[in-house]
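Visitor: I am new to this structure and would be grateful for a close look at a single part of it. Please take me through the sheet, strand by strand.

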Amino acid sequence: MTTIPPARRAAEPSSRTPLSAGKPGNGAATDDRTVPAPRAAGAVPPPPTGTEDTTAGAPLLPAQGVRTGPLPPLPPLDLHGSAPVLDAVTAEPPAPLPDLAVLRALVRDAARRAAALLQGHVPETHDTVADVVRFTVGSGGAHLETAAAHLGLTPLRMRRLTAAYHHGGPHGAAAFLSPRPAGPAVLAGAEAAVRPLRPFPGTPVELGPDRLVDPPAGVELRHGPDGRWYPYADRHGARQPVAGPHRDPARAYKAARLALRQHR
């Protein structure tokens with residue numbers, strides 16, 4: 001008996017005659033479904049048929065339970081309003097977290113900074129020390145002693161550091177803690193610029209690698225990392241930062257003299 005290959009068997013018409021529904025023939029139950037031909041080893045399966053939907057060869061994900069259409073609009077954002085901050089929390093957080101008052105101050109500070117960013121204000125770059133001072137200034141000095149202990153400073157020195165930040169920002173704080181050295185030519189130019197402004201021109205000016213000091217006048221100028229001169233005024237035997245930093249040493253010197261006159 002000769003076996004017919006699968007390809008010829010699929011191509012030839014079936015020798016069976018389909019029977020009408022409900023009328024079986026010769027007592028044998030048959031149907032009119034075509035039996036698919038067996039697939040040879042290594043052959044690529046045929047593409048899916050029926051109701052399966054595909055796009056670019058990948059099946060679509062089921063849409064059941066997936067929201068379609070536009071998203072609902074966001075509620076209006078109020079940048080000028082105020083909302084309670086941790087008011088519902090009354091228990092102190094566990095260690096090592098800060099106490100509740102500090103956490104509330106941190107949240108208020110973050111909210112102020114976020115509002116400033118949304119309004120287009122670009123903050124200056126802060127290092128860790130300057131950021132601690134910024135937080136202390138923003139909290140109105142309520143956490144000054146805690147910040148001083150964190151930075152290893154006395155409360156008095158911390159107050160002067162916050163004043164330096166208030167007048168000059170992060171560069172002012174850097175000029176207070178560690179002024180930037182200036183070259184000999186820069187120092188000589190600064191001395192020449194302030195010479196006509198000195199109330200006692202016959203006394204010498206003290207020049208350091210990063211500052212200019214006029215002891216009889218009670219004025220000190222410190223060279224900051226941004227190239228500006230930061231004015232200090234002698235008050236009660238201590239030089240304290242005052243307003244008016246400037247790249248022109250003469251302008252900074254005048255600001256220190258003005259602060260001394262206003263303090264009297």
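Guide: What follows is an account of the sheet and of the elements that pack on it. The model is predicted. The sheet is open and consists of five strands in the order β3-β4-β5-β6-β7, with antiparallel pairing. Strands β3 (206–207) and β7 (238–241) occupy the edges; each has a single partner strand, so one side of each is left without a neighbour in the sheet. Strands of a sheet are held in pairs by backbone hydrogen bonds.

Moving inward, β4 (residues 211–214) is joined to β5 (residues 219–223) by four bridges in the antiparallel sense. Within this pair, Arg-211 has Arg-222 of β5 as its bridge partner. Strand β5 is in turn joined to β6 by five bridges, again antiparallel, and here Val-219 stands opposite Ala-233 of β6. These two strands form a hairpin with five residues between them, and Gly-227 in the turn has a positive phi of about 85°.

Strand β6 continues the pattern with four bridges to β7, the two running antiparallel; Asp-234 stands opposite Arg-239 in β7. The hairpin of β6 and β7 has two residues between the strands, and His-236 takes a positive phi near 55°.

Two helices complete the picture. Helix α6 (residues 184–194) packs on the sheet, where it touches β3, β4, β5 and β6 (229–235), and its direction makes about 30° with that of β4. Helix α7 (residues 249–263) lies across β4, β5 and β6, at about 25° to β6. Six of the seven residues of β6 are buried, so this strand is largely enclosed by the rest of the structure.

Conventions: Residues are numbered from 1 along each chain as its sequence is written. This is a predicted model: local features need pLDDT of at least 70, side-chain atom pairs count only at pLDDT 80 or more; totals for chains, interfaces and linings use all residues. Side-chain values use heavy atoms; hydrogens and water are left out. Two strands pair if DSSP finds at least two bridges between them. Contact means heavy atoms within 4.5 Å. Axes are lines fitted to C-alpha atoms, for helices over the stretch in contact, and angles run from 0 to 180 degrees between N-to-C directions. Buried means under 20% relative accessible area, exposed over 50%, partly exposed in between (1.4 Å probe, protein chains only).
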